[in-house]
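Here's a quick tour of a protein model, put together for someone new to reading structures. Keep the 3D view open while you go through the points.

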Amino acid sequence: MAIATLPEDLSPPGRAVAAAIPPTPRHRLRPWRPGRLGVNLVLALVAAAWLVPTVALLIVSFRPESLYETSGWWKVFTDPSQLTAGNYSTLFRQGLVAGGLLDSLLTSIEITVPATLLVTVISSLAGYSLTFGRWRGGNAVFYTVVGLMVVPFQVALLPVVELYRAFGAATGFNPYGTIEGVVIFHVAFGLPFGIFLMRNYYLGIPSELVEAGRIDGAGEWLLFRRLIIPLGMPAAASLAIFQFIWVWNDLFVALVFLGGYSHYPLTIYLYDQTRALAANYWVVATGAIVSVVVPLTVFFSFQRYFVRGMLAGSVK
Amino acid sequence: MTLVHAPSPATTPARPRPGRSRPLRRHAWSLLFLAPAAVWLAVVVIYPVFATIRYSLFNDSGSFVGLSNYKNLFTTNSLLIPFRNNVIWVVIFPFFVTVFGLVFAVLSERIRWATAFKAIIVMPIVFSTTASALVWTNIFDLDPHVGAVNAAVQAVSDWFNPPGAYPVDTAAGQTVAALASAGDRSANGAILSTATVHPGDTVRLGLIGISPLTLQRLGAKPPRQPTAAPGSITGVVWRDFSPAHPTDRSTLYPDEQGLPMLHLALLGAGGSSVASTTTDTRGLFRFSGVPPGTYRVQVVPSNFQAGFTGTFWLGPQSLTPTGSASQTAQALLSVPLIDVGMIIAYLWIWSGFSMVLIGAGLSALDRQVLEAARVDGATEWQTFRRVTMPLLAPVLTVVFVTAVINVLKIFDIVVNMAPGASQQQANTLALQIYNSGFSGGIHTGLASAIAVILFVLVVPAMVWNLKKLRASNT
């Protein structure tokens with residue numbers, strides 16, 4: 001009987017009944033219900049509602065500045081001739097002036113790329129050490145790291161500013177107000193999640209693989225480079241994407257650590273534009289679209305890894 | 001380096017390298033691998049946590065003050081607002097983000113276009129909160145010509161209570177009388193020509209105080225001198241203000257504009273309306289076939305009827321009646337409208353996250369259990385309530401706790417979405433840390449005290465995380 005093939009301890013109540021009934025094809029299991037049309041309709045409405053803000057922003061960025069105050073963006077649907085790329089060409093024609101859109105785009109890249117690479121590499125190294133290292137205390141270190149995952153970065157801001165000053169006094173290079181200062185801080189607060197993610201993924205790699213390599217005489221660096229890095233690529237990709245989007249979208253850390261620096265990332269550019277007295281929502285909308293294009297591209301190209309990273313962070 | 005080209009060690013035959021396999025050496029390598037992370041975390045995360053605790057016990061000039069920063073925090077009304085708002089966020093947001101995620105995850109299992117649906121819902125997560133806040137500022141804009149929410153409310157309101165083309169907002173202290181220029185007078189919410197007219201005459205009605213934006217919207221053109229016609233009363237109604245001749249009234253200038261779409265009535269001797277007409281884009285009008293007599297031209301009151309002019313959705317006004325309460329009670333108990341707007345925006349950003357997590361939990365469920373419940377005669381709802389929900393409980397908890405931690409640190413959305421007028425009422429702990437510690441007056445002691453409190457608030461989550469980890473490791 002079918003029931004006999006199921007281990008007793010794994011069968012939840014009711015399973016015996018289910019098992020006694022011959023398996024039914026999936027489409028038969030879910031017959032058409034009157035609710036089906038309703039569900040489609042409701043979700044279509046939800047999806048439409050969810051798209052409205054993005055579409056609004058996109059349209060505002062493609063309408064002339066003069067129309068912003070006089071008529072709503074939705075008027076575009078009855079008069080498509082309002083659409084123009086003028087806002088974009090105005091902003092891009094400014095070129096690489098400090099505080100301009102292109103300059104901010106560049107600054108965002110200058111901050112995000114090193115912060116992402118450093119977190120990914122350092123987390124991978126630490127994850128390897130915590131998973132395959134044969135030393136005592138690894139668990140304690142890992143628990144500390146997990147504990148650090150929820151520490152709000154706001155707690156560290158003031159002391160780190162002081163540390164930067166002290167470092168500057170000692171060495172002549174004060175990271176406060178530089179890209180390096182922002183990157184150092186981002187890396188520190190990206191590491192706990194990064195190490196957690198990498199270590200959990202490495203746990204799934206059979207340790208016999210590593211042991212076999214060691215018996216064969218391979219050094220740790222070689223094992224890491226040639227075995228762990230290729231096998232851990234999916235997790236590293238998830239981590240990199242997460243870190244990239246997190247750093248790219250950060251406003252707070254940049255606001256604190258870039259004080260006095262003349263180049264800003266896109267988030268500060270947008271923040272400044274909204275603070276400005278003149279009504280210049282067209283700049284804001286256009287800048288926002290530019291700022292969103294990069295993470296959106298990353299998201300759609302690596303959706304699988306992104307979702308995996310989200311799951312790895314929370315579901316055990 | 002030759003190592004780079006070495007084949008994978010797992011598959012190569014043994015290559016004895018005696019020195020390399022010594023445990024001590026491996027130990028050193030392991031520690032070396034850990035070193036960058038350990039140093040980084042110790043210096044930039046762990047040390048600062050302790051330093052912040054220390055800072056919080058000192059005042060701005062560096063002398064030890066014990067807990068007085070904390071005392072200030074809990075006894076200053078303006079500093080209680082951030083606490084209140086964090087409570088509002090924690091009470092409302094995690095619950096709704098979990099419910100939205102659950103509903104979306106469960107429902108999207110039943111549609112064929114689930115992938116597209118999920119992509120649409122998840123998309124806002126990758127936007128910066130700054131950009132998302134800007135989007136929603138636009139959606140909630142006060143002006144119904146800009147903000148979609150007010151436009152929708154206005155559309156509904158106008159359906160029941162149509163406004164005039166030239167609304168006068170009496171609530172804001174505007175009056176119709178103020179629109180009358182030389183040659184007109186106002187009475188009972190209308191504007192009348194001062195002089196009486198007869199068929200064949202022309203009338204010129206100048207109005208002032210008309211917004212150029214209104215005219216732009218209506219497509220107004222420069223006014224033209226009306227031409228007299230026998231048996232008709234013709235005329236022009238225009239915006240009697242020339243930027244080039246700001247003090248000259250009653251003269252038509254090419255830089256002035258006619259008032260289009262204006263409803264006019266022709267009043268007979270008894271003061272009752274005998275004919276009506278509407279102005280064209282140059283403000284010109286004509287009453288034809290008027291019998292001989294004495295008349296006045298009236299701009300009827302309905303032109304100035306104010307419709308819905310927009311709600312300040314991102315305003316600081318409280319949803320709870322706290323008007324007569326003490327300052328402290330007001331700080332603690334009011335729920336500003338801006339919080340609702342920001343929470344809606346934040347739900348828009350994060351519902352995708354909970355949907356993905358809960359969706360993964362759903363697909364990991366044992367389908368046979370659900371089928372069994374159905375076969376046993378449970379309805380769809382019973383199955384969901386009694387079988388699916390309990391099985392999902394761990395995932396729901398994870399989503400909820402993640403949302404709580406996330407919301408405790410809320411900053412970007414507040415700083416970008418709350419307009420200046422609402423900023424103080426929308427204040428949160430993280431924003432107050434920034435305001436106290438980094439912008440304006442620098443109060444490191446106070447900022448540190450708030451940071452410590454923020455840290456203490458996330459400690460339960462930390463413990464919970466560790467317990468969960470322990471449980472899964474054993």
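Let's start on the outside: B:Phe95, B:Phe96, B:Val99, B:Val103 and B:Phe400 make up a nonpolar patch on the surface. Together these residues offer about 390 Å² of accessible area. Bear in mind that this is a predicted model.

**The greasy patch**

- Helix H3 of chain B, residues 77-108, supplies the largest share of the nonpolar patch, namely four residues.
- One residue to click on is B:Val99, which sits in helix H3 of chain B.
- B:Val99 counts as partly exposed because its relative accessibility is 31%.

**A five-stranded sheet in chain B**

- Next, find the open sheet of five strands in chain B, which are lined up in the order E1-E2-E9-E6-E7. The pairing here is antiparallel.
- Which strands are at the edges? In chain B they are strand E1 (184-187) and strand E7 (273-278), and each of them pairs on one side only.
- On average, neighbouring strands of this sheet are turned by 30 degrees against each other, if you ignore direction.
- At one end of the order, E1(B) is joined to strand E2 of chain B (residues 190-193) by four bridges, and the two run antiparallel. As an example, B:Ser186 has B:Ile191 in E2(B) as its bridge partner.
- E1(B) and E2(B) also form a hairpin, with two residues between them. In that turn, B:Asn188 has a positive phi of about 50 degrees.
- Further along, strand E6 of chain B (residues 263-267) and strand E9 of chain B (residues 296-299) are paired over four bridges, again in the antiparallel sense. Look for B:Leu266, whose bridge partner in E9(B) is B:Val297.

**Strand E4 and its partners**

- Is strand E4 of chain B (residues 233-239) mostly covered or mostly open? Mostly covered: seven of its seven residues are buried.
- In a regular strand, side chains alternate between the two faces of the sheet.
- You can trace this in E4(B): B:Ile233, B:Gly235, B:Val237 and B:Arg239 point one way, while B:Thr234, B:Val236 and B:Trp238 point the other way. Whichever way they point, all of these residues are buried.
- E4(B) runs parallel to strand E3 of chain B (residues 202-207), and six bridges join the two. Here B:Leu205 has B:Val237 in E4(B) as its bridge partner.
- With strand E8 of chain B (residues 284-287), E4(B) runs antiparallel and shares four bridges. One pair to look up is B:Ile233 with its bridge partner B:Phe287 in E8(B).
- Two bridges link E4(B) to strand E5 of chain B (residues 257-258), and these strands run antiparallel. In E5(B), B:Gly258 is the bridge partner of B:Trp238.

**Two loop residues with positive phi**

- B:Ser250 is in the loop between E4 and E5 of chain B. Its phi is near 75 degrees, a positive value in a residue other than glycine.
- With a relative accessible area of 27%, B:Ser250 is partly exposed.
- B:Met261 belongs to the loop between E5 and E6 of chain B. This residue isn't a glycine, but it has a positive phi of about 60 degrees.
- B:Met261 is partly exposed as well, with a relative accessible area of 47%.

**Where B:Met123 meets chain A**

- B:Met123 lies in chain B, in the loop between helix H4 (114-122) and helix H5 (129-139).
- Why does B:Met123 count as buried? Because its relative accessibility is 10%, and buried means under 20%.
- Which residues does B:Met123 touch, not counting those up to four places away in sequence? They are A:Leu51, A:Thr54, A:Leu296, A:Phe299 and A:Phe300.
- Within its own chain, B:Met123 is 213 residues from B:Pro336, and their C-alpha atoms are separated by 28 Å.

**Chain A at a glance**

- Chain A has 15 helices and zero strands.
- Of its 316 residues, 52% count as buried.
- The accessible surface of chain A is about 13900 Å², and 68% of that belongs to carbon and sulfur atoms.
- Among the contacts in chain A with a separation of 6 or more, 70% come from residues 24 or more positions apart.

Definitions and conventions:
Residues numbered from 1 in each chain as written. Chains lettered and ligands numbered in written order. Predicted model: local features only at pLDDT ≥ 70, side-chain atom pairs only at ≥ 80, totals over all residues. Heavy atoms only, no water. Patch = residues over 30% accessible without salt bridge, like charges linked within 9 Å, V, L, I, M, F, W, Y side chains within 5 Å. Areas by Shrake-Rupley, 256 points an atom, 1.4 Å probe, with all protein chains shown as cover. Salt bridge = Lys/Arg side-chain N within 4 Å of Asp/Glu carboxyl O. Buried < 20%, exposed > 50% of the residue type's maximum accessible area, 1.4 Å probe, protein only. Pairing = 2+ DSSP bridges. Axes fitted to C-alpha atoms, helices over the stretch in contact; angles between N-to-C directions. Contact = heavy atoms within 4.5 Å.
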